[in-house]
Amino acid sequence: MPAGEIMEIELKYDVDPTLPAPDFTELSAVAGVTEPAIENLDAIYYDTENLDLAANKITLRRRSGGHDAGWHLKRPGRRAGRRELQVPLNASHDEGAGGVIHVPDVLLEQIRVHSRGRALRPIGAISTHRELSELHGDDGQVLAIFCNDTVTAQSLLPDGHAQAWTEWEIELVDGDEKLLRKADKFLRSIGAETASSASKLARTIGPTPTRGVPSLGREPTAIDLVTTAIAQHLRHLTEQDPRVRAHEDDAVHQMRVATRRIRSVIATYPSVLAGPRTDAVAGELKLLASILGNARDAEVQAARGEQLLIGENASAAVTAALVGEQRHREQLAINRTLTSLDNPRYFELLDEIERLVIEPERGPDADRKARAALRDAVDECERKLRKADKRWRSTDDSDAAERHARLHRIRKQAKQLRYTADPGSLLSPPTKKATARRAKAIQELLGGYNDGAISRGQIARAAADPRLSAADAFILGRLDAKEEAAMAKSLRRYRRLRR
């Protein structure tokens with residue numbers, strides 16, 4: 001997780017304001033509870049006019065008072081809990097001319113994929129009188145924090161209103177979820193009830209429509225399947241966007257995959273989803289995948305070069321040729337990627353994909369049964385894969401370039417088959433999972449073969465340097481032999497898998 005980010009795992013309860021604070025020492029794991037520390041917290045929450053953050057279960061606030069005063073960005077975690085990124089208050093940067101509040105750039109980077117250039121404005125003001133206690137274990141370790149909150153809130157949306165309530169929160173620190181379950185049972189036994197809203201902000205501004213992957217009904221149509229698959233891949237894409245901006249491992253690769261998957265769904269079902277808006281989205285996705293691909297390809301080759309050089313007494317010149325140049329290419333491509341992710345054209349693409357999900361351009365087969373459309377699409381992809389394999393097997397062994405090109409075609413067809421079969425997992429019961437697994441195996445095997453071919457090209461270019469020493473030439477020859485052997489192994493495994 002980025003610096004300053006924590007994983008928040010907590011439970012919230014509505015309580016009667018006259019209910020006395022609980023005695024947590026009744027729980028066997030709790031050895032002691034500190035006297036309540038009093039905090040008075042004032043927070044302003046921000047969102048776009050369309051509540052794009054709230055729709056994605058994200059909250060952004062600027063809070064003063066308390067031990068963690070500052071900017072807080074809360075986002076859904078991958079499993080349980082929420083990820084919270086905190087930035088301390090800085091009067092010299094937070095407040096500009098005329099008292100305008102500036103959101104820290106490190107937070108804006110994490111939500112730009114949702115705000116998309118739209119202005120952020122205050123949507124709620126919440127004041128909290130908090131009594132905070134720590135729950136300690138036998139060794140003095142802080143297991144959890146308990147908060148008894150008296151809340152007054154004002155919605156700043158049109159027709160918003162004020163309200164007040166009392167709530168309890170218990171948040172894990174070093175305790176485990178077993179403690180949380182026991183605390184939940186204990187708090188309910190003394191009168192606490194499940195909070196009526198997931199957060200203070202949600203209670204303040206009221207319900208907002210959430211954006212996620214729509215669920216398929218019992219008898220989905222082809223257009224239902226297609227739009228649900230696109231929504232699923234779009235969610236994955238938007239999850240990777242802030243990870244790419246934060247330079248997290250594998251983020252570029254995952255974002256590229258999501259981009260390609262959406263484009264693949266559009267290409268696979270041309271009679272289900274079709275029209276000028278759809279064509280425009282497909283074209284923009286191709287461009288985005290290409291931009292991400294430049295960074296990803298350089299990353300793969302640099303990592304491959306580093307792996308090849310393990311245990312080799314390579315000179316600085318060889319290392320620079322096989323690793324340094326690729327890292328330089330990767331950085332240039334990353335810079336271009338980040339520039340593209342701040343371009344209004346990218347934000348417009350995201351808006352158009354969302355629009356395709358909500359208001360799809362229906363083709364003539366939009367109302368076909370989903371299973372029938374999926375079956376026919378998979379059958380067509382399998383036919384193309386078999387045809388590509390047959391063409392490769394018929395190629396003369398002496399024509400290395402053509403054989404490589406045709407193997408590349410097999411890999412692309414296997415990937416298309418995999419992406420076409422994958423939406424079958426959305427159906428109930430799921431279908432085509434085995435087909436997707438086999439296609440993935442082919443794709444990965446031949447992907448390794450293709451990476452080896454590119455690597456051998458890098459080695460050949462390095463070996464052509466006239467300044468190369470005899471020792472360096474020997475090392476490069478050995479590395480080339482390693483790659484050749486790895487490629488031959490991939491081919492043998494592919495032949496077995498094909499049979």
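**Figure 1. A salt bridge within helix H12 of the predicted model, formed by Glu402 and Arg406.** Glu402 and Arg406 both belong to helix H12, where 4 residues, or about one turn of the helix, lie between their positions. Their side chains form a salt bridge in which the closest N and O atoms are 2.7 Å apart. Glu402 is partly exposed, with a relative accessible area of 28%, whereas Arg406 has a relative accessible area of 19% and counts as buried, because the cut-off for a buried residue is under 20%.

**Figure 2. A salt-bridge network that includes Lys12 and Glu167.** Six residues, namely Lys12, Arg130, Asp149, Glu167, Glu169 and Lys200, are joined into one network by salt bridges that share partners. Within this view, Lys12 forms a salt bridge with Glu167, and the closest N and O atoms of the pair are 3.0 Å apart. Lys12 lies in strand E2 (residues 10-14) and Glu167 in strand E10 (residues 162-172), so this pair ties together parts of the chain that are 155 residues apart in sequence. Both Lys12 and Glu167 are buried. Across the model as a whole, the count of salt bridges comes to 41.

**Figure 3. A salt bridge between Arg203 and Asp14.** The side chains of Arg203 and Asp14 meet in a salt bridge, with a distance of 2.9 Å from N to O. This pair, too, links distant parts of the chain, since Arg203 is found in helix H5 (residues 200-205) and Asp14 in strand E2, 189 residues apart. Asp14 is buried, and its relative accessible area is 16%. In general terms, side chains of opposite charge can pair when their charged atoms come close.

**Figure 4. A patch of positive charge on the surface.** Seven residues gather in this patch: Arg263, Lys286, Lys384, Lys387, Arg391, Arg409 and Lys412. Helix H11 (370-393) and helix H12 (400-421) each supply at least two residues of the positive patch, and H11 gives the most, with 3 residues. Another member of the patch, Lys286, has its place in helix H8, which spans residues 276-308. Helix H12 thus appears in two of these views, as a contributor to the positive patch and as the helix that holds both Glu402 and Arg406.

Notes
Residues are numbered from 1 along each chain as its sequence is written. This is a predicted model: local features need pLDDT of at least 70, side-chain atom pairs count only at pLDDT 80 or more; totals for chains, interfaces and linings use all residues. Side-chain values use heavy atoms; hydrogens and water are left out. Patches are made of residues with over 30% relative accessible area and no salt bridge: like charges are joined within 9 Å, nonpolar side chains (Val, Leu, Ile, Met, Phe, Trp, Tyr) within 5 Å. Accessible areas come from the Shrake-Rupley method with a 1.4 Å probe; for residues, only the protein chains shown count as cover. A salt bridge is a side-chain nitrogen of Lys or Arg within 4 Å of a carboxyl oxygen of Asp or Glu. Lys and Arg count as positive and Asp and Glu as negative; His and the chain ends are not counted. The place of a charge is taken as NZ of Lys, CZ of Arg, CG of Asp or CD of Glu. Buried means under 20% relative accessible area, exposed over 50%, partly exposed in between (1.4 Å probe, protein chains only).
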